Amino acid sequence: MMPLDLLFEGVLFGILLGCFYAAVSMGLSVSFGLLDVPHVAHPAIMVLGAYCTFVLSRLGIDPILAGVLLTAPFFLLGMLVYRFYYETFEKRGTDAGVRGIAFFFGLALIIEVGLILVFGVDQRLVEASYIGSSVRFGDIRIPQRTLVVFAVAVALTILLTLYFSRTFTGRAIKAVAQDEPALRLMGANPVRIKQWAFGIATAVAAIAGAMLIIIGPVEPNMDRAYIGRTFAVVVLAGLGSMTGTVAAGLILGISESIVLIHPDLGASWAPAVSFALLLLVLGIRPQGLFGR
Amino acid sequence: MRFWFFSIAILAAVAAAAFIVKNEFVFYAGYTVLLYVVLATAWNILGGYAGYVNFGTPAFFGLGAYTGAVLYKAFALPLGLQIAAAAVMSGLLGLIAGLLTLRLRGIFFAIATIALVVIMETVFINWRYAGGATGLQLLRPPPTAPFESYIKMLFVIMAAMAIGAVAVARYIQDSWIGRGLRAIRDSEEAAECSGVATLKLKVFACTVSGALMGAAGAPMPMYLSFIEPASTFNLNYAVGALASPMIGGTAHWGGPVIGALLLSSLQQYVSVTISNEMNVLVVGVLLVVFVVAAPEGVLGLLRNAMAPKPWTREAVQRRVVMIPIVIAAGVALGAVLYVLFDFLIAKGERVIVYSVLALMLPGLLYLAFRFIRWVFNP
């Protein structure tokens with residue numbers, strides 16, 4: 001058994017970690033959860049965002065601001081990628097599944113190697129006033145950067161939830177996810193809405209990338225570790241549910257952090273947690289915890 | 001009949017080469033190429049025929065490799081038994097994973113297989129007896145009688161396994177199992193309605209595919225005299241196993257063989273002459289180009305090229321004139337860009353060069369796509 005204070009610490013760090021996981025999965029929750037695009041390149045785009053943040057921060061821009069600035073070009077990039085995907089795979093229809101996944105997988109490889117060629121394989125990190133210092137709560141020291149990431153993640157979740165429930169386009173995106181043919185019958189163009197939504201998903205990935213580099217140094221092949229994690233969160237959440245994504249992120253973060261801090265298990269078992277959880281969910285309740 | 005004749009001829013040629021050729025590097029490289037032939041063929045049984053993408057090649061391959069290594073460490077079993085045991089273990093893994101996740105849509109299966117790789121890696125990192133994270137050093141036994149070196153023996157064994165894997169894939173493809181799998185790929189619901197036992201067939205394909213991957217992994221610890229989790233469960237195996245059939249063509253057993261031979265020979269060449277990163281880039285670009293521009297792979301292109309076509313005089317004349325012009329224009333453009341980029345790199349502006357290249361890439365891919373389409377479809 002774990003001592004109680006250790007457990008408490010584990011849960012606390014798990015909540016912070018979980019919000020981070022939820023934030024990095026938010027984009028995928030839109031692109032895969034709502035739009036049904038097998039976007040395995042999502043973590044690679046996120047790492048690309050992290051490196052763009054790195055470049056901008058070298059020019060003296062604060063990493064969070066850099067993440068916000070990057071949303072514009074990433075939005076365009078996302079629209080382009082979706083357009084290309086639609087023209088080459090979704091439109092042709094037959095056998096799109098396998099080739100679509102392979103396409104995004106290839107895209108992820110190209111981004112990864114491109115980053116290696118430009119930046120090398122070394123780890124990169126950013127500097128800001130809140131990176132490196134920490135806050136004390138009683139006996140527990142919490143690094144300030146995790147609090148910053150926590151705040152950004154919460155803000156992002158609230159914004160996206162409001163967007164999908166209050167605005168016209170946001171509701172249209174949800175409508176596309178629910179019943180595409182019906183939308184077509186109503187005279188709306190589902191492709192344009194999906195393109196817009198994919199742009200948003202990619203823009204969110206840019207912010208996630210900024211958080212990725214705030215929370216720790218990044219390296220080009222980091223996306224491989226995050227493919228499983230982000231998909232685990234999205235599947236666990238039930239496809240496309242924003243609040244579900246946060247809950248799933250928290251479950252993942254807390255369980256991973258408890259295993260990490262547990263005296264008998266430790267860091268070497270931590271990666272298996274999320275994936276064991278994922279397999280379990282897929283086997284028992286494939287529609288996810290908050291699925292429709 | 002003809003298939004078996006050719007198989008035996010190839011195996012005989014390989015064995016003869018093992019006695020004649022002296023350069024050991026040929027066998028080191030050839031072993032890897034043949035390994036990918038097995039992995040790609042095995043992948044294609046589930047991925048190509050049934051349309052279920054498996055990212056878990058490293059899990060099956062690695063479990064096989066570790067089964068071999070542990071059995072060798074514990075009982076010094078001969079290689080043949082190691083391979084058999086590895087096939088059984090990985091087949092079991094395929095059976096369990098299949099039963100658990102093949103009820104779901106393809107993308108969920110793909111994600112679950114990624115999970116499988118990480119879980120396997122974690123298990124073996126934490127298993128002390130098998131060497132843990134640092135790995136296990138193994139002392140190779142002396143080679144069996146007719147072979148003078150161990151590598152040559154492994155090479156011949158891998159060649160035999162490649163032929164065995166292709167035979168299995170060919171049998172499945174031509175039998176009712178293959179027909180069922182193809183029905184699943186085209187429309188799972190329609191297949192189910194027509195009385196195809198979809199789940200059974202998928203789980204069977206997953207088991208066979210896993211067993212073949214495991215068998216291919218078993219000689220790996222002997223090949224390296226060493227085994228450790230990070231490189232054994234490396235995602236690069238998944239990349240190779242997935243990309244080869246996509247490049248060669250997934251509909252026929254010849255596709256993965258051609259794809260693996262092309263791709264891994266190219267990879268061996270690129271990683272020796274240029275760099276390891278470039279080698280991953282080559283796979284990524286080839287994968288995207290083929291998936292977008294030639295969904296049927298090399299086999300599809302060949303079939304298109306050989307199919308009788310209305311080769312009117314006018315169409316042929318246009319091609320004869322246009323193809324050299326387009327190629328010359330491409331080469332000229334490449335040369336200009338090369339000089340320009342070389343100049344920029346010399347001035348230290350690497351970031352600009354690579355971002356321009358990255359921006360150009362989609363356009364170039366699209367142009368290549370249109371060109372290939374135009375050449376083959378008038």
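**Figure 1. Chain B comes as two domains.** The domain assignment splits chain B of this predicted model into domain 1 (2-295) and domain 2 (308-376). Measuring between C-alpha centres, 35 Å lies between domain 1 of chain B and domain 2 of chain B. The two do meet: 5 residues from domain 1 of chain B and 5 residues from domain 2 of chain B take part in the contact. What sort of residues does domain 1 of chain B put on the side that touches domain 2 of chain B: nonpolar, polar or charged? The count is 5 nonpolar, no polar and no charged.

**Figure 2. Where chain B meets chain A.** Zooming in on the boundary between the chains, we find 41 residues of chain B in contact with 36 residues of chain A. On the chain B side, helices H4 (79-101), H5 (106-125), H12 (235-248), H14 (276-293) and H17 (350-376) each bring at least two residues. Which helix of chain B has the largest share of the side that touches chain A? That would be H5(B), with 12 residues. Sorted by type, this side of chain B has 31 nonpolar residues, 7 polar ones and 3 charged ones. As for the scores of the model, ipTM is 0.86 and pTM is 0.85.

**Figure 3. The largest nonpolar core.** This view goes inside, to a core of 220 residues. The members that touch the most other members are A:Phe20, A:Ala23, A:Met211, A:Leu236, B:Val38 and B:Leu39, so look for names from chain A and from chain B when you browse it. Helix H8 (residues 190-215) of chain A gives the most to this core, namely 17 residues. Now centre on A:Phe20. Leaving aside residues up to four places away in sequence, A:Phe20 touches A:Val149, A:Ala153, A:Met211 and A:Ile215.

**Figure 4. Positive phi at B:Ala76.** Here is a backbone angle to check in your Ramachandran plot. Most residues other than glycine have a negative phi. B:Ala76, which is not a glycine, has a positive phi near 50 degrees. Where does B:Ala76 lie? The residue lies in the loop between helix H3 (57-75) and H4 of chain B. Is B:Ala76 buried or exposed? With 9 other C-beta atoms within 10 Å, B:Ala76 is exposed, because the cut-off for exposed is 12 or fewer.

**Figure 5. Positive phi at B:Ser225.** Another loop of chain B, another positive phi in a residue other than glycine: B:Ser225 has a value near 55 degrees. B:Ser225 sits in the loop between helix H10 (220-224) and strand S2 (226-227) of chain B. How many other C-beta atoms lie within 10 Å of B:Ser225? There are 12, and B:Ser225 is exposed, because 12 or fewer still counts as exposed.

**Figure 6. Chain A on its own.** Chain A holds 11 helices and 2 strands, and along the sequence the pattern runs α-α-α-α-β-β-α-α-α-α-α-α-α. The C-alpha trace of chain A spans about 60 × 45 × 35 Å along its principal axes. For 292 residues a compact globule would have a radius of gyration near 19 Å, and chain A agrees, with 19 Å. Buried residues account for 54% of chain A. Among contacts in chain A with a separation of 6 or more, 78% are between residues 24 or more positions apart. The average pLDDT of chain A is 86, with 97% of the residues scoring at least 70. Which element of chain A has the lowest mean pLDDT, and which the highest? The lowest is strand S1 (residues 134-137) of chain A, at 76, and the highest is helix H2 (residues 42-58) of chain A, at 93.

**Figure 7. Chain B on its own.** Chain B comes to 17 helices and 2 strands. Its radius of gyration is 23 Å, close to the 21 Å from the globule rule for 378 residues, so chain B is as compact as a globular protein of that length. Along the principal axes, the C-alpha atoms of chain B fill a box of roughly 70 × 60 × 40 Å. Of the 378 residues in chain B, 45% are buried. Confidence averages a pLDDT of 85 over chain B; H17(B) has the lowest mean, 73, while helix H9 (residues 198-217) of chain B has the highest, 94.

Note on methods:
Residues are numbered from 1 along each chain as its sequence is written. Chains are lettered from A and ligands numbered from 1 in the order in which they are written. This is a predicted model: local features need pLDDT of at least 70, side-chain atom pairs count only at pLDDT 80 or more; totals for chains, interfaces and linings use all residues. Two residues are in contact if their C-beta atoms, placed from the backbone, lie within 7 Å. Helices (H or I, at least four residues) and strands (E, at least two) are DSSP runs, numbered from the N terminus. Ala, Val, Leu, Ile, Met, Phe, Trp, Tyr, Cys and Pro count as nonpolar, Asp, Glu, Lys and Arg as charged, and the others, Gly among them, as polar. Domain bounds come from an automatic or database domain assignment. A residue is buried if 20 or more other C-beta atoms lie within 10 Å of its own, exposed if 12 or fewer, and partly exposed in between; C-beta atoms are placed from the backbone. pLDDT is the predictor's confidence in each residue, from 0 to 100. The radius of gyration is taken over C-alpha atoms; the globule rule is 2.2 Å times the number of residues to the power 0.38. A nonpolar core is a set of buried Ala, Val, Leu, Ile, Met, Phe, Trp, Tyr and Cys residues joined through C-beta atoms within 7 Å.
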